[in-house]
Amino acid sequence: MEYVVSCVVLLVITYLFFDRVLRSLKVGNYGNKYVFVTGCDSGFGQRLAIRLDGLGFHVFAGCLTDEGRKYLSSNCSKRLVTVPLDVTKGESIQAALQLVKGTLPENSGLWGLVNNAGIAGLACFSEICIPEDYHQVFAVNLFGAIEMSRAFLPLLRKAGGRLVATASVCGRLAAAAAPYTVSKFGLEAYMDLLRRELYNKGVRVILVEPGAFKTTIYDVEQTVARVRSAYNRASEEVQDTYRAAMANHERNLNRLVASSNPNLDLVVDDYIHGLTSRYPRTRYSPGTDAKLFYIPVSYLPTRFTDWLLQTP
């Protein structure tokens, strides 16, 4: 028995060692590689665009606002090109595609597309959310990523590149507001299907599933105000059902934001590894909360998980 245990331990250690060595190998030649990042006005996307530019990549930074474009233009080299982009509008995506095609060298493709753009939406109880609350979040988090992927896949195939998407631990474990969580579960499903469809087509499909990080996706005052407004529009019976839970819900929103990890580079490091490693991972889960709570809990028996995450 001791011999068997020793062999298993040795095999695990050997696997981890070689896995680490393989993951550390880089593709190199960054100066000839082009990457498109959506949602670069702030947060992960902005930080990623700046760091990729610093590594020597040519970067297309999709920004929704003039402020976002001005900030990146003044803080990056001429290798970075800002692109006006609203991922909810097909004509905006097509205009971005034509800009990229006109910028790429002849007979070259796109090394990376990072579908980072996302919004939090209404952070309230599912019964209080109406269809418009779902549509608004799906338009950015899910359909925006799908349409960007569809538009740019021919260029990614041409370069044998990487398709990266920002999902969430809430796409593995339903533990947050319904519109956001359902959009991230949908994105996980889409990327899983796409990875299998592209298995022998030369394109790597990668998911980054962050825990809670301190970005502009949640403004506490605006979030609480929207939750209260949604609660007030609900029927009297629904209001009575959730009246006791509302005060606790608002406190939890404040705690979530206050306890969120401010180190955005933990997420950006995983994006960069996915884009630069010869052997990238299929999934990355940056954040202590993701690694030590959300992912492990997602494997627990359903009965225990439901008790642990029940609405108070």
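This passage walks through the nonpolar cores, one helix pair and two buried residues of a predicted model.

Start with the cores. In soluble globular proteins, nonpolar side chains tend to end up buried together. Here, the largest nonpolar core has 35 residues, and the members that touch the most others are Phe-36, Leu-110 and Phe-152. Several elements chip in two or more residues each: strands S1 (34-37), S5 (162-166) and S6 (204-208), along with helices H4 (90-103), H6 (143-159) and H7 (178-197). Helix H6 hands over the largest share, eight residues. Zooming in on Phe-152, and skipping residues up to four places away in sequence, its contacts turn out to be Phe-36, Ala-96, Leu-97, Val-100, Leu-110 and Leu-113. So two of the core's best-connected members, Phe-36 and Leu-110, are on the list of residues that Phe-152 touches. Apart from this core lies another one, made of 28 residues, including Ala-49, Cys-63, Leu-72 and Phe-213.

Next comes the helix pair. Two packed helices are described by the angle between their axes and by how far apart those axes are. For H6 and H7, the angle is about 20° and the axes sit 11 Å apart. Angles under 35 degrees count as roughly parallel, which is why H6 is described as roughly parallel to H7. Their crossing is right-handed. On the H6 side, the contact is made by Ala-145, Ile-146, Ser-149, Arg-150 and Leu-153, while H7 brings Leu-187, Tyr-190 and Leu-194. Sorted by class, that contact between H6 and H7 comes to six nonpolar residues, one polar and one charged.

Now for two single residues, beginning with Gly-62, which belongs to strand S2 (residues 58-63). With a relative accessible area of 2%, Gly-62 falls under the 20% cut-off and therefore counts as buried. Leaving out residues up to four places away in sequence, Gly-62 touches Phe-36, Val-37, Thr-38, Gly-39, Cys-40, Val-83 and Leu-85. Gly-62 and Thr-82 are 20 residues apart in sequence, yet their C-alpha atoms are 6.1 Å apart in space.

The other residue, Ser-260, is found in a loop, the one between helix H9 (236-259) and helix H10 (265-276). What is its state, buried or exposed? Ser-260 has a relative accessible area of 9%, so it is buried, given that the cut-off is under 20%. Setting aside neighbours within four places in sequence, Ser-260 is in contact with Ala-212, Phe-213 and Lys-214. One of these, Phe-213, is also a member of the 28-residue core.

Conventions
Residues numbered from 1 in each chain as written. Predicted model: local features only at pLDDT ≥ 70, side-chain atom pairs only at ≥ 80, totals over all residues. Heavy atoms only, no water. Core = buried A, V, L, I, M, F, W, Y, C linked by side-chain atoms within 4.5 Å. Buried < 20%, exposed > 50% of the residue type's maximum accessible area, 1.4 Å probe, protein only. Helix = DSSP H or I, 4+ residues; strand = E, 2+ residues; numbered from the N terminus. Contact = heavy atoms within 4.5 Å. Axes fitted to C-alpha atoms, helices over the stretch in contact; angles between N-to-C directions. Parallel < 35°, antiparallel > 145°, perpendicular 65-115°, else oblique. Left-handed = near helix turned anticlockwise from the far one by under 90°. Nonpolar A, V, L, I, M, F, W, Y, C, P; charged D, E, K, R; others polar.
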